[in-house]
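Hi there,

Here is the structure I promised to pass on. Please have it open while you read my notes below.

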Amino acid sequence: MTSEYRHTPVLLAECLEYSNLKTQQTFVDATLGGAGHSYEAAKLIGCGGTLVGIDQDEVALEAASRKLGTLSDDVRPHLELIRNNFAHLDDALLEAAIPGMDAILFDLGVSSVQIDTPARGFSFKENSPLDMRMDPGNQTLTAAEIINTYNAADLTRIIRQYSDEKWASRIADFIVRARENQPITESEQLVEIIKAAIPASARRAGGHPAKRTFQALRIEVNGELDVLRSGLEAAVRWLNPGGRLLVISYHSLEDRIVKDTFASYANRCECPVDLPVCVCGKEPILQIVTRKPIVATDEEVARNPRARSAKLRVAQKLATRFDV
Ligand SMILES: C[S@@+](CC[C@H](N)C(=O)[O-])C[C@H]1O[C@@H](n2cnc3c(N)ncnc32)[C@H](O)[C@@H]1O
Ligand SMILES: [Zn+2]
């Protein structure tokens with residue numbers, strides 16, 4: 001295996017700027033990948049700082065460990081590289097035994113390396129087994145199992161809900177009919193079924209016809225929306241006052257969760273407006289730093305097409321009554 005992990009970090013300069021990281025601070029990269037962001041963040045916190053890198057994919061962790069190992073001794077922070085799902089951020093950070101964090105980054109989804117490795121089954125462009133597990137060692141549900149066992153109603157629901165596919169119920173019906181003849185185990189089979197289900201006139205717009213269904217399957221296999229909610233909630237608890245939470249999302253469902261979670265922590269009193277005094281006692285915990293999400297420049301998108309759909313949102317933890 002080559003030691004190179006080909007993934008270009010997205011919105012890198014923006015993340016570094018908005019992280020506000022300074023020497024000796026603690027940074028958590030909850031989606032370490034190939035350490036594209038962490039390598040540069042490490043230089044900001046330096047050898048007096050601590051970098052906690054989390055990824056559920058062991059291939060990514062190994063690549064990140066190699067890359068961070070190339071930082072010179074006078075720069076390299078104390079490193080804690082942890083294989084876990086960020087849904088278990090509490091456990092991971094307890095393992096790192098650090099009381100609070102100064103910046104936490106989530107760069108969601110899959111890396112280019114995961115997509116470009118046919119055996120992982122994420123790609124609709126190359127024939128591969130329908131797998132899509134980010135952590136094959138710990139997950140059992142694969143895309144093939146979903147395709148071959150979910151009923152038509154459940155298939156329709158996930159395809160529509162997780163990808164906004166207009167033809168979801170037709171695709172689900174075609175899948176159910178096709179699997180009566182033989183199990184659907186490879187991406188090429190599924191791509192052909194999707195192409196047959198979407199009328200030719202509709203196929204001309206909206207990119208590759210299988211793109212949306214594959215995205216929906218990936219989200220279902222990895223429970224991506226549920227883990228995002230719990231990961232963000234834990235991150236807010238672990239931030240130091242003044243610490244920053246940065247999230248890069250790549251589709252509207254994720255971005256909505258990030259936006260709503262930030263808003264719920266930034267809100268004050270939630271009492272009905274006709275109550276004369278506040279009874280909920282709710283105080284804001286976060287201040288939203290980016291009212292509108294930050295997106296990539298044209299220049300970055302030209303260099304790295306993956307950046308096209310990226311949205312970065314940033315929030316800052318407020319000091320609570322108990323911190324001051
Ligand atoms: C977009 S890549 C991150 C790339 C990284 N920022 C870089 O520049 O090299 C997303 C990474 O997060 C990991 N990941 C996605 N969801 C995760 C989760 N719930 N828990 C832990 N890791 C996750 C994936 O395995 C993948 O390596
Ligand atoms: Zn109230």
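Let me start with histidine 7, where a polar side-chain atom sits 3.0 Å from the backbone nitrogen of serine 112. Please keep in mind that this is a predicted model. Histidine 7 belongs to the segment that precedes α1 (12-19). Is histidine 7 buried or exposed? The cut-off for buried is under 20% relative accessible area, and histidine 7 counts as buried because its relative accessibility is 18%. Leaving out residues up to four places away in sequence, histidine 7 touches Asp107, Ser111, Ser112, Val113 and Arg306.

A second histidine is worth a look beside that one. Histidine 208 lies in the loop that connects α10 (200-203) with α11 (211-222). With a relative accessible area of 26%, histidine 208 is partly exposed. A polar atom of the histidine 208 side chain is 2.9 Å from the backbone nitrogen of alanine 210. Beyond residues up to four places away in sequence, histidine 208 touches Phe124 and Val191. As for distance across the model, histidine 208 and leucine 32 are 29 Å apart, C-alpha to C-alpha, with their positions 176 residues apart in sequence.

On the overall layout, the domain assignment splits the protein chain into domain 1 (3-112 + 224-317) and domain 2 (117-222). The centres of the two domains, taken over C-alpha atoms, are 29 Å from each other. Where the domains meet, 11 residues of domain 1 are in contact with 13 residues of domain 2.

Now to the ligand. Which residues are closest to ligand 1? Of the 25 residues that surround ligand 1, the closest are His37, Asp55, Phe86, Asp107 and Gln114. An oxygen atom of ligand 1 lies 2.7 Å from a polar side-chain atom of aspartate 55. The backbone contributes too: a polar backbone atom of alanine 35 is 3.4 Å from an oxygen atom of ligand 1, and a backbone N or O atom of glutamine 56 is 3.2 Å from a nitrogen atom of ligand 1. On its own, ligand 1 exposes 600 Å², and the protein buries 98% of that.

Two helices are also worth your time. In α4 (residues 89-96), the buried residues include Leu89, Ala92, Leu93 and Ala96. Why do these residues line one face of α4? Seen down the helix axis, the buried residues of α4 fall within an arc of 90°, so they line one face. The general rule is that an α-helix has 3.6 residues a turn, so residues three or four places apart point the same way. Leu94 and Glu95 are exposed on the other side of α4. Among the elements that cover the buried residues of α4 are β1 (26-29), β2 (50-55), β3 (78-83), β4 (101-107) and α12 (224-238). Alanine 97 follows α4 and has a positive phi, near 55°.

In α1, the buried residues are Glu14, Cys15 and Ser19. Viewed down the axis of α1, they fall within an arc of 125°, so they line one face of the helix. The face turned away from that buried side carries the exposed residues Ala13 and Glu17. Cover for the buried residues of α1 includes α2 (36-45), β4, β5 (239-249), α14 (298-303) and β7 (311-317). Asparagine 20, just after α1, takes a positive phi of about 60°.

Best wishes

Notes. Residues are numbered from 1 along each chain as its sequence is written. Chains are lettered from A and ligands numbered from 1 in the order in which they are written. This is a predicted model: local features need pLDDT of at least 70, side-chain atom pairs count only at pLDDT 80 or more; totals for chains, interfaces and linings use all residues. Side-chain values use heavy atoms; hydrogens and water are left out. Buried means under 20% relative accessible area, exposed over 50%, partly exposed in between (1.4 Å probe, protein chains only). Helices (H or I, at least four residues) and strands (E, at least two) are DSSP runs, numbered from the N terminus. The arc is that of the directions from the helix axis to the C-beta atoms. Contact means heavy atoms within 4.5 Å. A residue is near a molecule or strand if one of its heavy atoms lies within 4 Å of it. A polar contact is a pair of N or O atoms within 3.5 Å; within protein, one must be able to donate a hydrogen and the other to accept it, and residues adjacent in sequence count only if both atoms are side-chain atoms. Accessible areas come from the Shrake-Rupley method with a 1.4 Å probe; for residues, only the protein chains shown count as cover. Domain bounds come from an automatic or database domain assignment.
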